[in-house]
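Here is a friendly walk through a set of chains, written with a computational chemist in mind. Please keep the viewer open as you read.

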Amino acid sequence: MLRYILKRLLIMIATLWIIITVTFVLMISIPGSPFNSEGSSNATVQANLEKHYHLDEPYYIQYLLYLKSIVTLELGPSIKQPDQTVNDLLGRGFPISFELGILTIAVAVISGITLGIFAALRHNGVIDYVAMGLAVLGISVPNFILATLLIQKVAVDWDLLPVATWSSPAHMILPILALATGPMAIIARLTRSTMLEVLTQDYIKMARAKGLSPWKIIIKHALRNALMPIVTIMGTLLAGILTGTFVIEKIFAIPGMGKYFVESINQRDYPVIMGTTVFYSAFLIFMLFLVDIAYGILDPRIKVHKRGGE
Amino acid sequence: MKTAEEMNSTHSPTEIPDEWFTNKIKDTDTAESVSRPSLSYWQDAWRRLVKNKMAMLGLVFLILLAIMATIGPIVSPYAVNVQNLPEQYQSPSIEHWFGTDNAGRDVFTRTWYGARISLFVGLVAALIDVTIGIIWGGISGYKGGRTDTVMMRVIEILYGIPSLLVTILLLVVLGPSLLTIIIALTITGWVGMARIVRGQVMQIKNYEYVLASKSFGAKDSRIIRKNLLPNTMGPIIVQMTLSVPTAIFAEAFLSFIGLGIQAPFASWGVMANDALGAITSGYWWTLFFPAFFISFTMFAFNVLGDGLQDALDPKLRK
Amino acid sequence: MEKILEVENLHVTFSTYGGTVKAVRGVDFYLNKGETLAIVGESGCGKSVTSNAIMRLIPDPPGKITKGKIHFKGKDLTKFSEKKMRSIRGVDISMIFQDPMTALNPTLTIGTQLMEGLRDHHKISAQEAKKKALEMMNLVGIPNPEERLKQYPHQFSGGMRQRIVIAIALICEPELLIADEPTTALDVTIQAQILELFGKIQVVTGISIILITHDLGVVAKIADRIAVMYAGKIVETGTKRDIFYRPEHPYTKGLLHSVPRLDVKGELIPINGTPPDLFSPPEGCAFTARCPFAMEVCDKVYPQESELTGTHKVDCWLQDERAKRLIAAK
């Protein structure tokens, strides 16, 4: 197990290093200099930039200093908002985005697994068809379109729920719904297909032959095995939810990190874009690492032979 | 003891004619009969795909979409990107089937134009993924040993990179264009395909029929062409069908956050983004058409992919 | 002798896209207390379906017991509710499956899987359950039971796993054990050990056993009586002696001739052809197409059961007077 964790850790560091390096290379290869575009003629901004990026040094020194600044979590200043650093923006926006993300994951996982189980138990029944129909729709409709529809119908036409900002639980319902539907659909489909496969296994028959109750068989014997493929796609789902917060926060005017990020893209605020990208990547890669560890804990076999090629 | 057949039988033992005991009907060869006509793998798969109604719905939709994407902008009397402010926000009518948008442009024309962009981006990105994925995964799986270990490490490291974030970064730096979007999408997109191909190749290369042709002295290139590729095609095709909607979604998403394809091109994501402000004013058609086509195209690819997965899996032969 | 189980005219069907498969078509047999009955036949003859039907473990849909009675200690199991049936499974009747590699849940420890049935049915403390579990591990011959309880299935060999499966089946002290091909997936040397274990268990617990198998070698070792099944029907039953030394049904004879023996010289004779399609089973005897003695009557009418001795019964037209006369004439 320790060897396994160590190996994942090394891979994680390598991935991070690649991202940081790519970011640096892209930054210095921006035509002209990203740091004297029109809006940034402000003297204090210019001074901050030069100080942070050591623009007077040769590239390799710049690169090493850049690596150092990332390791010490100094993500750089903003061009467009003087006296603001990426750290300031993250400090304000990230807690909100994190809350949105966590709630979304909770909703998606709980409802997705429940839907998947019921669909599998009623294989080829009405519930199965309805659930899987909804799931295909959930996968097909992009979250920003769903968000717009929800605002238009639920908030504007029917006036049921408030939108914009992140001030009360009622405000959170629609953004979470818009963001959770896609991952929920994916989880539901995967749960269903793995449940169907697991339910035909001999150990399920054996559990039935022991005279255990159906729910005990499903929860204790089937679900645990059916969860493993879901754990493996968690990383991809998390990445999807994280990028999803960009558009959802933009549409619902939620003052989270995603909204700042999209604004910085539209204003071409390069240091903010890069700092945020590196931060988000590090966050996601760390999550992926946690997912791998969780997989190792869930599957006792992994201590002996590691996860195979597929 | 009596069985159902006996009770239903019209003969009681005493009524059975004696000659039934003399006539032998000896022909053991007829016992073995072929239970179904032999079809090739692909014929069989196609037959099963046709039976899947949802998959066929998806396929027909995609064919129609491809036709409209080709001829739609040509048959329409309107240009895709010419502004006509006096005709701003007209609801669907005989002149403008899908209405007009905030700049008075014909939504019908722009929708088919957007279909071109989306299908082009999706297909090209999927093709590039497949090409790199097959080569990388094929070599890694076939060679095995150290080569495989090194190549797999590279994949594991790249797998952790959040592709959409890198894509955003690339687009910001290189500037949004069709080419940049495709490069950005494929730079990490091939990794999933390579993993699948490798897994398949590893499995198949140890099967007896591959070992058999090896023992006859077949060259590696021949084994790869004749044995491995045809048998890995199923999962590859499925993965490809499912990676097209991912690319379409990514393109729409990027357009939506302001990194989309620029004028004079019109993509569905750009149209949806432009329509956002108008929806509350009741100009529903400006959003409805691009939104419907993004969703339905993804739906079509998804159900087609599911159908292909079922059809191409030999284990599911009935 | 007391009959612990009596199956009467059992019919089981499966609805599939291709039509209805009549997997079991009127099966009768009984089992005395403390005895071992072997049900023998080729794969697909309905022997596993029969055993699953006794446990009421036929997946419904698509499967269904359409007709017949299963009397266990005088009560008809086909009339039981699912809930009542659950209190029978594992407690009164237990089952062992073919492949020990897949019969154990890979994510749960052996201890959990061994004790859960016990703790579910009899409300007993964890301490008592563990004591019982250790006792069972000893009975089936697993060394270091205390330590082994905490391990996962992948840490055991195939033979050890099958011992654990047997321990799980026996832990609630059932009166009837159904073993579905319990040695098929094992190495030959391990097979012998497991068969010995069955003998030991029967001596210790006095349990009645139904053994489902296609392997006549296994049957010869541990069965008291044998029922030969073909295409969803039992075509011949008798004691081990009846079946091995005086087989009457051509199918039974064919089975015996296709098994290599050290004590008898001569070639192995395979049974030609394949079993019939159970979507539309023939009206007459299902073995007709493969039978070297087939007559026109075999194809048209199913033979009635002929009782040869008190224990030995066979369904075959060759037992009819007219057929016997014909053979004698030749």
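The report goes from the annotated spans to helix packing and then to the contacts between chains and domains.

This is a predicted model, in which local features need pLDDT of at least 70, side-chain atom pairs count only at pLDDT 80 or more, and totals for chains, interfaces and linings use all residues. Residues are numbered from 1 along each chain as its sequence is written, while chains are lettered from A and ligands numbered from 1 in the order in which they are written.

**Annotated spans**

In an unreviewed entry, UniProt places the feature "transmembrane region" at residues 9-30, 100-121, 133-152, 172-191, 226-248 and 278-298 of chain A. For chain B, the UniProt annotation "transmembrane region" (unreviewed entry) covers residues 55-75, 117-142, 154-172, 178-197, 236-263 and 283-305. UniProt also lists "domain: ABC transmembrane type-1" (unreviewed entry) at residues 94-295 of chain A. These positions are given in the numbering used here, feature names are shortened, and annotations may be inferred rather than shown by experiment.

The table gives the secondary structure of some of these spans. Helices (H or I, at least four residues) and strands (E, at least two) are DSSP runs, numbered from the N terminus.

| Span | Helix | Strand | Distance between end C-alpha atoms |
|---|---|---|---|
| Residues 133-152 of chain A | 90% | 0% | 23 Å |
| Residues 172-191 of chain A | 100% | 0% | 27 Å |
| Residues 94-295 of chain A | 85% | 0% | 27 Å |
| Residues 55-75 of chain B | 100% | 0% | 29 Å |
| Residues 154-172 of chain B | 84% | 0% | 26 Å |

**Helix packing in chain A**

Two packed helices are described by the angle between their axes and the distance between the axes. Axes are lines fitted to C-alpha atoms, for helices over the stretch in contact, and angles run from 0 to 180 degrees between N-to-C directions.

Start with helix α4 (residues 86-121) and helix α5 (residues 126-140) of chain A, whose axes come within 7 Å and cross at roughly 140°. α4(A) and α5(A) are therefore oblique to each other (angles under 35 degrees count as roughly parallel, over 145 as roughly antiparallel, 65 to 115 as roughly perpendicular and the rest as oblique). The crossing of α4(A) past α5(A) is left-handed, a term for the near helix being turned anticlockwise from the far one by less than a right angle, with right-handed used if clockwise. L115(A), F118(A) and A119(A) of α4(A) make the contact with I127(A), D128(A), A131(A) and M132(A) of α5(A). Two residues are in contact if their C-beta atoms, placed from the backbone, lie within 7 Å. The classes here are 6 nonpolar, no polar and 1 charged residues; Ala, Val, Leu, Ile, Met, Phe, Trp, Tyr, Cys and Pro count as nonpolar, Asp, Glu, Lys and Arg as charged, and the others, Gly among them, as polar.

α5(A) also packs with helix α7 (residues 169-199) of chain A, at an angle of about 135° and with axes 8 Å apart. Again the crossing is left-handed. In α5(A), A131(A), M132(A), A135(A), G138(A) and I139(A) take part, and their partners in α7(A) include T181(A), G182(A), R189(A) and R192(A). This contact divides into 8 nonpolar, 3 polar and 2 charged residues.

Further along, α10(A) and α11(A) have axes 8 Å apart and an angle of about 140°. The pair is therefore oblique, with a left-handed crossing. M257(A), F261(A), S264(A) and I265(A) of α10(A) meet V272(A), I273(A) and T276(A) of α11(A), a contact of 5 nonpolar, 2 polar and no charged residues.

**Between chains**

Which helix gives the largest share of the side of chain A that touches chain B? The answer is α1(A), with 10 residues. The whole contact takes 39 residues from chain A and 35 residues from chain B. By class, the chain A side has 25 nonpolar, 11 polar and 3 charged residues.

Chain C also touches chain A, through 24 residues from chain C and 18 residues from chain A. On the chain C side, α4(C) gives the most, with 4 residues, and the classes are 10 nonpolar, 9 polar and 5 charged.

**Domains of chain C**

Chain C is divided into domain 1 (3-92 + 174-272) and domain 2 (106-172), with bounds from an automatic or database domain assignment. Their C-alpha centres lie 26 Å apart, and the contact takes 13 residues from each of domain 1 and domain 2. Helix α8 (residues 188-205) of chain C gives the most to the domain 1 side, with 6 residues. That side divides into 11 nonpolar, 2 polar and no charged residues.
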